[in-house]
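Biologist: I would like to learn how to read a protein model feature by feature. Could you walk me through one?

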Amino acid sequence: ITSSCHVGFRQHQQATSVVCCREVSSNSSTPKPPDTSLFVPLSLSTEAPAEGSVGAELTQTLDKNELLKILNRFYKRKEMQKLAADQGLDARLFHQAFISFRKHVLEMPSLSADLHIILSDICFGAGHIDDIYPYFMRHAKQIFPMLDCMDDLRKISDLRVPANWYPEARAIQRKVIFHAGPTNSGKTYHAIQRYLAAKSGVYCGPLKLLAHEIFEKSNKAGVPCDLVTGEERTFMDVDGRAAGHVACTIEMCSVTTPYEVAVIDEIQMIRDPSRGWAWTRALLGLCADEIHVCGEPAAVDFIRELMYTTGEEVEVHTYQRLTPFSILNHAVESLDNLRPGDCIVCFSKNDIYSISRQIEAKGLECAVIYGSLPPGTKLSQAKKFNDPDDPCNILVATDAIGMGLNLSIKRIIFNSLVKPNVNEKGEKQMETISTSQALQIAGRAGRFSSKFKEGEVTTMHRDDLPVLKEILSHAVDPIETAGLHPTAEQIEMFAYHLPDATLSNLIDIFVSLSQVDGLYFVCNIDDFKFLADMIQHIPLNLRSRYVFCTAPINKKQSFVCTSFLKFARQFSRDEPLTFSWVCRHISWPLAAPKNIKDLVHLEAVHDVLDLYLWLSYRFMDMFPDTASIREIQQELDDIIQQGVRNITRLIRATDPNLTDPLQTEIMHGQTGSEATSGAFWTRGRVQRGSGGTSESSLASRLVRDGLLTPDLLKQLQREWSKEHRRQDDNQLSTLSADHHEKNSKGKRKKKKK
């Protein structure tokens, strides 16, 4: 890191004379104090020192009661606390170090000779209590090894000049062209035209779907192009030689391969709390003569400022939307008012299930798209919706449609304006969607390439419409910071100094000590730490452990987490994860889903196969059967597509006894929100039947896991109650008819007698 800081120094000197609009931390600034709550004390050996009890032989055995008094007096000495603070021991660490030191002195069978003699002198009045300090500090640095190398750790975690991490990019003078415009303005189209005309190029997109689209478009245009995503490598050359062009997800771009043109799509995601580091890395590190950046106009000033730090100018091309869209003056209010070309946007699977059920109950067909569906299923549903000959002309989707899919939408209908969000600290919260998010979604209406040349935007509920108008009336908040993330090399250097720390603890200490200037922030690392803690007990070398922890998995899916753990355990035994092993683990072959729970499990299995493919490109010898895994993943995609086509039937079949928990809930006088908050569901079981036995309710588990909403449960309960009443009425009619017939036969028999 130190050597790379000198590369591009001339450009950095130019930059410092230009950047004056933002206060940036300098290298001479006072480093922030570390978060010492992250410092975990090491356990020291309780074995006696090699020299034995030499101290006792030279003096005499120490009185433990007298030692305790002396040590406690030492602890209370303010002068000692101040000296320790100068060595990096704040009040918290001083206390922890003293507790460990006192335990060491009182419980060790024999002490080192020098410490024994000093303590003996103090006990007999021949020494001062402050003489303990050097031995206390020696012990403190043994249990807190970071105290001895704090300066080195600060240097490693200094993230203030990330542009200098990429010497190859700093060695060339790149031309940066920013294509700025709203959705459906043709900004990416113009960048791709330059990409196709170049001798070599790389496209970096946020989604696998976008990378696939450019991959196919490039090859159709006669420009050989490879595809590189986390889970897939497709080379056009039969011998596996790299083509001049490559389309990749942004995390997979190479910052050492030279290109003529590079395209970075959706640059506004540079501020994303989780993935922003990938856009920062691509923008600062790509070795291309021309860097074409596509995104919102709100990012222009920030990208220009960021490029000042590298001494590179930014040329801005501005585009206007190709087709207009208007905000309607009335909300939809009822599903009876839906029209062909409508797309209802929800921010949870629960609402997707509920609304699609209601739509099909009215005799209409709808397509469904949400984030956890496999790419093939998303494309299949998009094709179904776009097909003018298909009776399906309504789409119910999450904000997953905001990018990556070409959809023929006339009207965007926001079912809600509130969505769950994760802030820079990794905290989850419900927030009203931002102007940027609203525009990204609303811009899908009336796209240039669709049959609808004008788009419309509204809300489902009347009260939301003025809020939406207010959101869309504001300018998009300007981007002010870019994300950074510690690299494997930096963590390895940390581990060299702190060999006994866990990976999760290393990351925590790194972030605590890291210094960034005003242009950057450190991306949240909660998912990384979650995986690191999960596999901490598994014996892996640090590099392998780091790679496993960067795997993109959904930690909400218990089956995916369990699979991740089993993969890591098998890997640690040096046993290859074969096709047959994976099939046994996922119980392949799998049947078509019979209910929503089955569908969710199939989606999780698809994620597990994605995880296998992702790991196979990092550890090829341990994950050898990629071709076979890809085949069954395609079969699984087809099964999931079949399930999504029948999603209403799956919802209906989810739990035939769904009325039980609802009736219990109503009996207890709880609202849906109270039930899901834990007062009702934490009981986990509902009483059924007269025998007093209890069993786990599938309905309660589905609500607890976020697969169904209480409102949807109530709606289904009402529908099924009507169905049950109808069946009961039919049964009563049948019984009544049978009874009447029996009575008639009985009367006829009496007459004969």
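Modeller: Gladly! Let us begin with a term: helices and strands are DSSP runs, at least four residues for a helix and at least two for a strand, numbered from the N terminus. Keep in mind that this is a predicted model. With that numbering, T550 sits in the loop between helix 21 (542-549) and helix 22 (558-572).

Biologist: Is T550 buried or exposed, and how do I decide?

Modeller: The general idea is a pair of cut-offs: buried means under 20% relative accessible area, exposed means over 50%, and partly exposed is in between. T550 has a relative accessible area of 32%, so it is partly exposed.

Biologist: Which residues is T550 in contact with, leaving aside neighbours within four places in sequence?

Modeller: Those are F528 and W614. You can also look at C-alpha distances: T550 and K529 are 21 residues apart in sequence, and their C-alpha atoms are 9.6 Å apart in space.

Biologist: Let me zoom out. How many helices and strands does the chain have?

Modeller: There are 30 helices and 20 strands. The chain has 753 residues, and 49% of them are buried. Its accessible surface is about 35800 Å², with 51% belonging to carbon and sulfur atoms.

Biologist: What share of the contacts with a separation of 6 or more joins residues 24 or more positions apart?

Modeller: That share is 76%.

Biologist: Now the interior. Why look for a nonpolar core at all?

Modeller: In soluble globular proteins, nonpolar side chains tend to be buried together. Here the largest nonpolar core holds 163 residues, and the members touching the most others are I132, F136, I270, F548, F567 and F623. Helix 24 (residues 596-616) gives the most to this core, with 13 residues. A second, separate core has 27 residues, including F385, A397, I401 and F414.

Biologist: Which residues does F548 touch, not counting those up to four places away in sequence?

Modeller: The list is L531, I535, F564, F567, A568, F571, L615, F619 and F623. Pick out F571 from that list, since we can follow the trail onward. F571 lies in helix 22 and is buried, with a relative accessible area of 12%. Beyond its neighbours up to four places away, F571 touches L540, S544, F548, L577, F619, M622 and F623. For L540, the sequence gap to F571 is 31 residues, while the C-alpha atoms are separated by 8.5 Å.

Biologist: How do I read the packing of two helices?

Modeller: Take an angle and a distance between axes, then see who meets whom. Helix 19 (residues 503-513) and helix 20 (residues 526-534) pack at an angle of about 150 degrees, and their axes are 8 Å apart. Angles over 145 degrees count as roughly antiparallel, and therefore helix 19 and helix 20 are roughly antiparallel to each other. On the helix 19 side, L503, S504, I507 and D508 meet F528, K529, A532 and D533 of helix 20. The contact divides into 4 nonpolar, 1 polar and 3 charged residues.

Biologist: Which residues of helix 20 are buried?

Modeller: They are F528, K529, L531, A532 and M534. Their cover includes helix 19, helix 21 and helix 22.

Biologist: Could you show me another helix pair, please?

Modeller: Helix 3 (residues 64-76) and helix 6 (residues 113-123) pack at an angle of about 90 degrees, with axes 10 Å apart. That angle makes helix 3 roughly perpendicular to helix 6. E66, L67 and I70 of helix 3 make the contact with L119, I122 and C123 of helix 6. By class, this contact has 5 nonpolar, no polar and 1 charged residues.

Biologist: And the backbone: where is there a cis peptide bond?

Modeller: Look from W588 to P589, where the bond is cis with omega near 5 degrees. P589 is in the loop between helix 23 (579-586) and helix 24.

Biologist: Which residues other than glycine could I inspect for a positive phi?

Modeller: One of them is N184, with phi near 60 degrees. N184 is in the loop between strand 1 (175-180) and helix 10 (187-197), and at 9% relative accessibility it counts as buried. E266 also has a positive phi, about 55 degrees. E266 is in the loop between strand 6 (258-264) and helix 12 (276-285), and it counts as buried at 10% relative accessibility.

Note on methods: Residues numbered from 1 in each chain as written. Predicted model: local features only at pLDDT ≥ 70, side-chain atom pairs only at ≥ 80, totals over all residues. Heavy atoms only, no water. Buried < 20%, exposed > 50% of the residue type's maximum accessible area, 1.4 Å probe, protein only. Contact = heavy atoms within 4.5 Å. Areas by Shrake-Rupley, 256 points an atom, 1.4 Å probe, with all protein chains shown as cover. Core = buried A, V, L, I, M, F, W, Y, C linked by side-chain atoms within 4.5 Å. Axes fitted to C-alpha atoms, helices over the stretch in contact; angles between N-to-C directions. Parallel < 35°, antiparallel > 145°, perpendicular 65-115°, else oblique. Nonpolar A, V, L, I, M, F, W, Y, C, P; charged D, E, K, R; others polar.
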